[in-house]
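Visitor: Could you zoom in on one part of this model for me, starting with a single side chain and its partner? Then walk me outwards to whatever you'd look at next.

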Amino acid sequence: MTEQRLIERPESAEEVAALVRRAQQDSRMITVVSGGHGPWSHVDNAEDMRLELGALADIRIDGTRVSIGGGATWGAVASTLGEAGLAISSGDTSSVGVGGLTLGGGIGWMVRAWGLAVDQLVGAQVVTAAGEIVDVDADTHPDLFWALRGGGGNFGIVTRFDFEAHRLPGIVFGEYTFSEDSTSVLRAVREILRNAPRELTVTFMDVPAMDPSAPAGASVHAVWAGGDVDALRAVMAPVAALDGVAEKLTTPAYRDILMEMPAPEGGAEAAGPPGFIGGNGLFAELDDETIDRLVRFRAAHPASIIFLRSLGGAFGDVAQDATAFPARTATWFVMAGAFDIPGLVDDDARASIRAEWQEIERNRLAEYGNFADSERPDAVPGMFAEAAYARLRDVKAQWDPKNLFRRNHNIAV
């Protein structure tokens, strides 16, 4: 007989620890929801204990040291920190949870200025598989701390994250819209980023129609970490000078550039959000062949999306073995795929999308787990450097030998 779904909403680390011990006693797996959403959800088994951490959302500031509950969302964090003139490089979406994004690495708008979210992490409070509460940092349980910085939710439930935040007096936000010739725009953006100041981070996105407020089309968004409008205008001038490109520069608060991604048109609401066919990768460079393949992919599939984020700068300053995150030599993050919408995508289109993505991904250095579209055990080693994966398995064996925390990109012992 199938057991009833068990949903728990703990309000303290002590309650989380007690629930972990109870799950062990009842031989239940644990699904952890860290207060926000991701592009895709991991399998949520009806027989699991589902721990929703949304009540653990405190945000405490002490100078530039910030302690954040494991159930907080990045929109709330950006708003609170902004009032103190601070920021942490987070994801792009306000409702994404601090926990899930950070444990997977965290590529955000300030990745070239400040690195990944995990590069700003200086400590954490963790509930282990044994139901114990431990504090970790570079000096206390350093192997566990290392694993948390990019190894995902394999090693425990993080109930508090400690970050070193950055002073941020302002930002400049550039929007570049155009209707044709994505190839020229992408190549111009690539050339800018070869030697751009690290204050600049750029995203390219070409999407199908999402909702009436988000029509189909391609755009470039650029963020300058600082309030110098002329600096962003000067560095992005080669893009603004292209035929058909319209430039708009504003100076919003950091919290206001964290957006929500609407659901694509055509998906049947009653059936839930559409699936996604495709993948992502961390790339050493964005060569002409990759650009051409991406542009052709988007043109061939009406329900497709391509998304690119510049890396380098502070992201590349971190030694490869300093965190579990892979591919510190990457200069671009690339995602391409299509929403599996009935009536728009048939079996032939699915096969074509998969084959075209496989050609694009051939040159990637690693897959970014936070954007991986499903739980595929065979893909997990490709999310890490070889030495890091071996070390992560050792840490897993020490802290979670029975694999209680497996509803993730699981690192098997």
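Guide: Let's start with Arg233, which is partly exposed in this predicted model, with a relative accessible area of 38%. Its side chain meets that of Asp230 in a salt bridge, 2.8 Å from N to O. Asp230 counts as exposed, at 51% relative accessibility, where the cut-off is over 50%. Both residues belong to helix 7 (residues 229-235), and being three residues apart they're separated by about one helical turn. As for the general rule, an α-helix has 3.6 residues a turn, so residues three or four places apart point the same way.

That pair is one item in a longer list, as a search of the whole structure finds 29 salt bridges. Take Arg160 and Asp135, whose closest N and O atoms are 3.1 Å apart. This one ties together distant parts of the chain: Arg160 sits in strand 9 (residues 157-164) and Asp135 in strand 8, 25 residues apart. Arg160 is partly exposed at 24% relative accessible area, and Asp135 is also classed as partly exposed, at 43%. Then there's Glu359 with Arg362, at 3.2 Å between the closest N and O atoms. Here Glu359 is partly exposed at 33%, while Arg362 counts as exposed at 53%. If you like networks, have a look at Arg187, Arg190, Glu191, Arg194, Asp288 and Asp292, which salt bridges link into one.

Strand 8 is worth following a bit further. Together with helix 5 (142-148), strand 8 (133-137) is among the elements that cover the buried residues of helix 12. Helix 12 itself runs over residues 386-399, and its 14 residues reach 20 Å from first C-alpha to last, close to the 20 Å expected at 1.5 Å a residue. Ala388, Tyr389, Leu392, Val395, Lys396 and Trp399 are its buried residues. They span an arc of only 120° around the axis, which puts them on the same side of helix 12. Glu386, Ala387, Asp394 and Gln398 are exposed on the other side.

Now for the sheet. It's an open one of eight strands, paired antiparallel in the order 14-11-13-12-16-17-15-18. Strand 14 (246-250) and strand 18 (364-366) form the edges; each has a single partner strand, so one side of each lacks a neighbour in the sheet. From one strand to the next, the twist averages 25°. Helix 6 (residues 182-194) packs on this sheet, touching strand 11 (171-178), strand 12 (200-207), strand 13 (217-225), strand 16 (304-310) and strand 17, and its direction makes about 165° with that of strand 12. Helix 11 (residues 347-361) packs on the sheet as well, in contact with strand 15, strand 17 and strand 18, at about 5° to the direction of strand 15.

I'd finish on strand 17. Eight of its nine residues are buried, so strand 17 is largely enclosed by the rest of the structure. Nine bridges join strand 17 (residues 332-340) to strand 15 (residues 275-283), the two running antiparallel, and Gly275 faces Asp340 across that pairing. Strand 16 pairs with strand 17 over seven bridges, again in the antiparallel sense. There, Leu308 has Val334 of strand 17 as its bridge partner.

Notes: Residues are numbered from 1 along each chain as its sequence is written. This is a predicted model: local features need pLDDT of at least 70, side-chain atom pairs count only at pLDDT 80 or more; totals for chains, interfaces and linings use all residues. Side-chain values use heavy atoms; hydrogens and water are left out. Helices (H or I, at least four residues) and strands (E, at least two) are DSSP runs, numbered from the N terminus. The expected span of a helix is 1.5 Å times one less than its number of residues. Buried means under 20% relative accessible area, exposed over 50%, partly exposed in between (1.4 Å probe, protein chains only). The arc is that of the directions from the helix axis to the C-beta atoms. Contact means heavy atoms within 4.5 Å. Two strands pair if DSSP finds at least two bridges between them. Axes are lines fitted to C-alpha atoms, for helices over the stretch in contact, and angles run from 0 to 180 degrees between N-to-C directions. A salt bridge is a side-chain nitrogen of Lys or Arg within 4 Å of a carboxyl oxygen of Asp or Glu.
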